[in-house]
Each structure stands twice: as structure tokens, then as C-alpha cells.
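Trainee: Could we go through this one together? I keep reading terms and would like to see what backs them up.
Mentor: Sure, let's have a look.

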2 protein chains.
Amino acid sequence: MGSVVKLHGLPMSTNTARVIAVLNEKGVDFELVPVDLSPFGQVPVLEDGDLKLFESRAISKYLAEKHSDAGADLLLRRGGRSLAESATVELWVEVESKHFDPAISPLLYEAVVKPVLGQATDEAVVEAKAAELEKVLDVYEERLGKAKYLAGDHYTLADLHHQPYLFYLMKTAKAELVESRPRVLAWWNDISARAPWLKTAEGMKFP
Amino acid sequence: MGSVVKLHGLPMSTNTARVIAVLNEKGVDFELVPVDLSPFGQVPVLEDGDLKLFESRAISKYLAEKHSDAGADLLLRRGGRSLAESATVELWVEVESKHFDPAISPLLYEAVVKPVLGQATDEAVVEAKAAELEKVLDVYEERLGKAKYLAGDHYTLADLHHQPYLFYLMKTAKAELVESRPRVLAWWNDISARAPWLKTAEGMKFP
């Protein structure tokens, strides 16, 4: 029996949930440890034997590759797939990181995290970031008219990386940004119904 | 003879230069076309046969993998390498994208781009972003005490992705952020002296 993977993080943190979602998708046992070890003072940090990794998106790619045969083919790298297919996964993983994240992360901080901390939401920030997010979701609405998932016909890491943020967004008044875009809504309904995701979402409760 | 790769972009754009640097490292012929095709209204966009990709970091990974045997082993995926090694490349690629880029990109916009456009530099933004950049470079200074390059003993995509931004930073008063950190400075002097990079840097001139 190999050593159990240790994940330092908090299950309600979107960055931690991104990694937990891959662990659940791949059926990998892990131990959750609420300690911060990254040089940037952030969770999650993964320990797998001697390897220590930080940055949630780098961790999730590592896990998706290490456990490539389990669960969904998250990187489209299994036999028979082309480099164009895996490059398309990487493209939409980048879009999440460089366009979706910078819009939705501060929006959720204002609308979800600050109330939990007993602080007042800055509605001007919410509206400004919602406007940015609309532009990104317009691109997704068009993309999802050409393909069932962001990277093509299959559920991949590109879809999964959006789930922790969208899970919280759908609990706010700004859920309308998704609900008003039929293809984005159908995509969210599909990916959020996956059994491994339901397991991840169970842990995403604020204290 | 295969069709020539088309790169839509501008050689003085840091995002375009990131891709050109990989093309030069790998010795790949390409045609530069100054047209914008991405759904987010940004360059670069790569056309390789039927495949069209945007997002500079996704393009550079695709090229590094497609031409894995040419030039430097940018992803540490050649035979004999471990998954831990390539995952470490991905980790530092993520650090550039999520920590270094958000600090240095607005700094350079203020200090380099605005003067070219005839606009006034906002010194308060320069100082705020310089303070953020210092924290990132402190992490690099420590990391480069343990390894010659960000991902370990070898020059990889993680180093390359920093070069377009650092090239411009070193032409500003904020070059001191690099010059005051001996290991970061030695790293920059090493990577900026590579022949493929010198070819890329030739095109990085504002009109």
C-alpha cells in the first residue's frame, strides 16, 4: 500500500475544492490537513511522497496525469487522442485562469466571503466584476453552441476548474448571469450533477 | 513540406513574444500576421493547419510538446524524466501566470506602454505593483538558491515565460528589483543570453 496523499487546505476554499474535485473524480484517497505551507502563504499544498506542489491548477494537472486511467479523461491524453485535443483542453484551462477567475474571484469575495467575515459587501465591485464576467460567459455561450463541453465532446479539466466558483455563484443573486444564458446553464446543470462533484460540493460549506 | 505555422500577433507584445520565444527555441519557421482573431480580442492567435489556438501560455505549451525533441526540453517530458519533474515545470508556469504576471503586467503598462501612447504614467500604480513584484521576486530569490532554474537544474518553459516581461522591466528604473537580488540577477543574465532569446528580443522594439 502506498502512502496516502496529503492535501493541505480547507474544503470550502475554491482553490482547495478544485483539487478535491480531481481527487474525487479519480477516486484517490487523501488526507485533508488544514495547514498552510506554500511560499505565497496560500492553500492548497499537495504532498505525494517526496513531491510537494502548490498552485491548485498545477496540482490538478499533476493528479489528472498521474491517474490518467481512472475516472474521466480530464486531459484528453489517453490513447487515440491527438495533440490538438489535449492542447484544446489547455487552452480552455488558460481561459478559466486568465479571464474567468479574475472576474469571478473578487465578485465572490465581496458577495459571499465578506458577509461571512461580518464585513460589508462593496456593491460597486460586485457590479464591475459581474460586467467582466458577462463578457467571459458570452464567449462560453458561443463556444457551447459548437461543443458540448469547453474543450469539445468530453468533460475535461477545463470544465472542472470552473465548478468551485460556479457552485458559490449559483447561491447568489448573480446566478442570473448563468441562468440567462441557456447553453451555459445546460452545461452547469450537466457538470454539477456528476457524482464525484456532488461529493466535493458536500464539503463546500462555510462554518 | 508542411504548411507554415501562422502567428497572429505583434512582436513587441509580451504575449506574442512569449510564443515567438518558443518558436525560436525550437527552430520552427513561422509567418507573423498582424491580425486579431481571439474571442477575447487579443493577440496572439496561432494557426497550425486546422488547429487555431489562443492564450499565449496554452500556445507555448502546445508548441513545446509538438516540437519536444528540438532545442531545450522545455516541459521536461523527454525520456527518462519523471512526472514529478514535469509537474514542477507546470507549478512554476502557474506561479508566473498567477503571481508574477498580475504584478508586472500593469507595472509595465504604466512605465513603458503609456509613455509610448503619449499618456502620463500613474506613479502610484507603479509603486503598488512594484511592491507586489518584490514579494514574488523574494520567493524566486529563495527558490534560485536551491535550483539553478525555477523548475530545477534545467532551463524550461517556466523560465522562458518570464523573459518578455523582464526584458522590458530591465529597461526601466525598476530594473533595481532584479539587480538587488543576486540570484534573480544571475538567472536573468543566464536566460537572457540564450541565442534563441536574442533573436526574439530583436523584434521587441516599440515603433
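**Checking the terms**

Trainee: Why is S192(B) called buried?
Mentor: Its relative accessible area is 16%. Buried means under 20%, so S192(B) counts as buried. Keep in mind that this is a predicted model.

Trainee: Where does S192(B) sit along the chain?
Mentor: Look at the loop between α8 (182-191) and α9 (195-202) of chain B.

Trainee: What makes the link between S192(B) and W188(B) a polar contact?
Mentor: The side chain of S192(B) comes to 2.6 Å from the backbone oxygen of W188(B). The cut-off for such a pair of N or O atoms is within 3.5 Å, and 2.6 Å meets that.

Trainee: Which residues does S192(B) touch beyond its neighbours within four places in sequence?
Mentor: Those are Q163(B), W197(B) and L198(B). As for A124(B), 68 residues away along the chain, its C-alpha atom is 29 Å from that of S192(B).

Trainee: Over to chain A. How do you know that the length of helix α4 (residues 123-143) agrees with what a helix should span?
Mentor: Take its 21 residues at 1.5 Å a residue: the helix should span 30 Å. The end C-alpha atoms of α4 are 30 Å apart, so the two agree.

Trainee: What is found at the start of α4(A)?
Mentor: A side-chain oxygen of D122(A) comes to within 3.0 Å of the backbone nitrogen of A124(A).

Trainee: And what do the buried residues of α4(A) pack against?
Mentor: They pack against α3 (83-116), α6 (163-169), α7 (176-179) and α8 (182-191) of chain A. Among the buried ones are V126(A), A130(A), L133(A) and R143(A).

Trainee: R143(A) came up in the second largest pocket too. Which residues are closest to the centre of that pocket?
Mentor: The pocket holds about 440 Å³ of space. Of its 23 lining residues, L91(A), W92(A), R143(A), K52(B) and F54(B) are the closest to the centre. α3(A) gives the most to the lining, with 5 residues, while α4 of chain A and β4 (51-54) of chain B each supply at least two.

Trainee: How do you know that the two copies are related as by a two-fold rotation axis?
Mentor: A turn of 180° with a shift of 0.0 Å along the axis lays chain B on chain A, with an RMSD of 0.0 Å. The copies are therefore related as by a two-fold rotation axis. The same surface serves both, as 100% of the contact residues of chain B recur in chain A.

Note on methods. Residues numbered from 1 in each chain as written. Chains lettered and ligands numbered in written order. Predicted model: local features only at pLDDT ≥ 70, side-chain atom pairs only at ≥ 80, totals over all residues. Heavy atoms only, no water. Helix = DSSP H or I, 4+ residues; strand = E, 2+ residues; numbered from the N terminus. Expected span 1.5 Å × (residues − 1). Buried < 20%, exposed > 50% of the residue type's maximum accessible area, 1.4 Å probe, protein only. Contact = heavy atoms within 4.5 Å. Polar contact = N/O pair within 3.5 Å; in protein donor to acceptor, adjacent residues only side chain to side chain. Least-squares fit on C-alpha atoms with pLDDT ≥ 70 in both. 1 Å grid on protein atoms, 1.4 Å probe; cavity = no way out; pocket = protein on both sides within 12 Å on 5 of 7 lines; lining within 4 Å. Points joined across faces, edges and corners; volume = space filled by probe spheres on them.
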